[in-house]
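Work through the exercises below with the sequence and the model open. Each task is followed by its solution in steps.

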Amino acid sequence: MKLNLFSYKVIVPICSLLLFFLSICNIENLSQIFVLHDEFGYWYNAANIAGYDWTGVSGISAYYSYGYSLLLVPLFHIFHSSTAMFKAAIVLNGLLLTGCYLLACKCSFYLFKEIRREVLCIFCFLISCYGGFLFSANITWGEPLLVFLFWLIILTLIKFPKKGSILYLCILVLE
């Protein structure tokens with residue numbers, strides 16, 4: 001079977017890898033929190049859930065929801081270096097942003113059947129390369145998770161009426 005290089009089956013993995021690498025390309029220069037209030041808010045919650053006492057930090061951090069913090073908790077158990085934890089969170093954000101691209105492609109395939117999938121893949125890639133998304137992926141902010149959940153909700157709303165699966169209903173309820 002011959003594979004067409006301009007097929008969406010080739011474009012999607014290439015764009016996914018490119019987006020992931022764009023998300024983490026600055027990782028060597030990133031080693032610590034630098035948006036104090038926001039990032040400390042997420043890390044403070046994660047540290048407390050992981051069993052660490054960060055009460056000294058709590059005075060400088062605002063209260064943030066636990067959603068993104070829950071994703072950071074395993075990093076406290078896997079890594080013993082704060083630099084490694086921070087870099088792992090950047091990789092996690094890159095994976096979330098890549099997931100956003102994949103979900104956007106899937107949604108566009110359902111919504112725009114009259115447009116070639118290859119064109120949709122390129123448009124979804126360009127949308128995913130928005131500077132604010134790439135910036136947020138290089139900081140331990142919850143925005144990549146929020147955008148990922150947005151696309152998951154959109155896909156669920158598209159698929160639920162067609163499939164009627166209890167899985168899609170549970171996703172909607174949990175989000």
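**Exercise 1.** Compare the span of helix 4 with the expected value, and list its buried residues.

*Solution.* Helices are DSSP runs of H or I with at least four residues, numbered from the N terminus. Helix 4 has 13 residues. The expected span is 1.5 Å times one less than the number of residues, which gives 18 Å for helix 4. From first to last C-alpha, helix 4 reaches 19 Å, close to that value. Its buried residues (under 20% relative accessible area, 1.4 Å probe, protein chains only) are Tyr68, Ser69, Leu72, Val73, Leu75 and Phe76.

This is a predicted model, where local features need pLDDT of at least 70 and side-chain atom pairs pLDDT 80 or more, while totals for chains, interfaces and linings use all residues. Numbering starts from 1 along each chain as its sequence is written, and side-chain values use heavy atoms, without hydrogens and water.

**Exercise 2.** Which residues have the most contacts inside the largest nonpolar core?

*Solution.* A nonpolar core joins buried Ala, Val, Leu, Ile, Met, Phe, Trp, Tyr and Cys residues through side-chain atoms within 4.5 Å. The largest has 25 residues, and Trp43, Leu72, Leu75 and Phe76 have the most contacts inside it. Helix 1 (8–24), helix 2 (36–49), helix 4 (66–78) and helix 5 (82–111) each give two or more residues. Helix 5 supplies the largest share, six residues.

**Exercise 3.** Which residues does Phe76 contact, leaving aside neighbours within four places in sequence?

*Solution.* With contact taken as heavy atoms within 4.5 Å, the partners of Phe76 are Trp43, Ala46, Ala47, Ala50, Tyr52, Trp54 and Met85.

Conventions
Buried means under 20% relative accessible area, exposed over 50%, partly exposed in between (1.4 Å probe, protein chains only).
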